[in-house]
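Colleague: Let's go through the packing of this model. Short answers, please.

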Amino acid sequence: MANVREQRYLTLLPVEKIIETPITIIGCGAIGRQAALALSIMGVKQLFIYDDDVVSIENFGCQGYRPEQLGQLKVDALSKDLLSNNPEIKITKGNFKVDKEHPLINKDEAFIIFCCVDSISAREYLWKTYGIYCTLWIDARMAAEVAEIYTATPQSRLEYEKSFFPEEEAYQAPCTASSTFYNASIAGNIMIAQMTRFMRNRQIEPKLTIDIANMDLIV
């Protein structure tokens, strides 16, 4: 049953589905952190978060981690922030890179997966291992002020698979022009918007491109 937290969007969004559906976020960097924070604020009861990295100084400006979190595991730092937003949320942390040696803790209940990893090869492995079996897969990719959101439903899986390409062909942005906090925030929240559209049985665009520098949304 919805509570006061959800009153402002009770008739706008599928509140019961949002609250009760476990959500998996792989990668707690710029985009994954923003998506997790928004979901906790919205009242999601159960989150599974995965990342093997620790908070470093360069994460402050583009990912939103804070100086007092320096050196902490990202999943630990993020968990504290999530609980601060919503003390009722249940968080399961995987402080490792999800790979062949370290599978998802919740692989049998990973119905909705937010893929927020850095490399194409990691995305392809995760997709082939878990994504093709989940109900909804949302993949965010970002460089500088451009973000791409891919959403794969049971009807659009083949189309999503066309988005993979050899790692060496990936755009290599300079380290000083790799991401911005506001672009990551927008990308993370569009992932959630795609999720709510899916839950409302609305049409899902398989790919959205957001060019913040030119204020363009390309479908």
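Colleague: Which helix gives the largest share of the largest nonpolar core?

Modeller: This is a predicted model, where local features need pLDDT of at least 70, side-chain atom pairs count only at pLDDT 80 or more, and totals for chains, interfaces and linings use all residues. Residues are numbered from 1 along each chain as its sequence is written, and side-chain values use heavy atoms, with hydrogens and water left out. The core (buried Ala, Val, Leu, Ile, Met, Phe, Trp, Tyr and Cys joined through side-chain atoms within 4.5 Å; buried is under 20% relative accessible area, 1.4 Å probe, protein chains only) has 45 residues. Eight of them, the largest share, come from helix α2 (residues 30–42; helices are DSSP runs of H or I, at least four residues, and strands of E, at least two, numbered from the N terminus).

Colleague: Which α2 residues does Phe114 touch?

Modeller: Phe114 is among the residues with the most contacts inside that core. Leaving out residues up to four places away in sequence, its contacts (heavy atoms within 4.5 Å) include Ile23, Ile25 and Met195. Helix α2 spans residues 30–42, and the contacts there are Ala35 and Leu39.

Colleague: How are α2 and α4 oriented?

Modeller: Their axes (lines fitted to C-alpha atoms over the stretch in contact, angles running from 0 to 180 degrees between N-to-C directions) come within 8 Å and cross at roughly 25 degrees. Under 35 degrees counts as roughly parallel. So α2 and α4 are roughly parallel.

Colleague: Which residues of α4 make the contact with α2?

Modeller: On the α2 side are Arg33, Ala36, Leu37, Ser40 and Ile41. Facing them on α4 are Leu78, Asp81, Leu82 and Asn85.

Note on methods. Buried < 20%, exposed > 50% of the residue type's maximum accessible area, 1.4 Å probe, protein only. Parallel < 35°, antiparallel > 145°, perpendicular 65-115°, else oblique.
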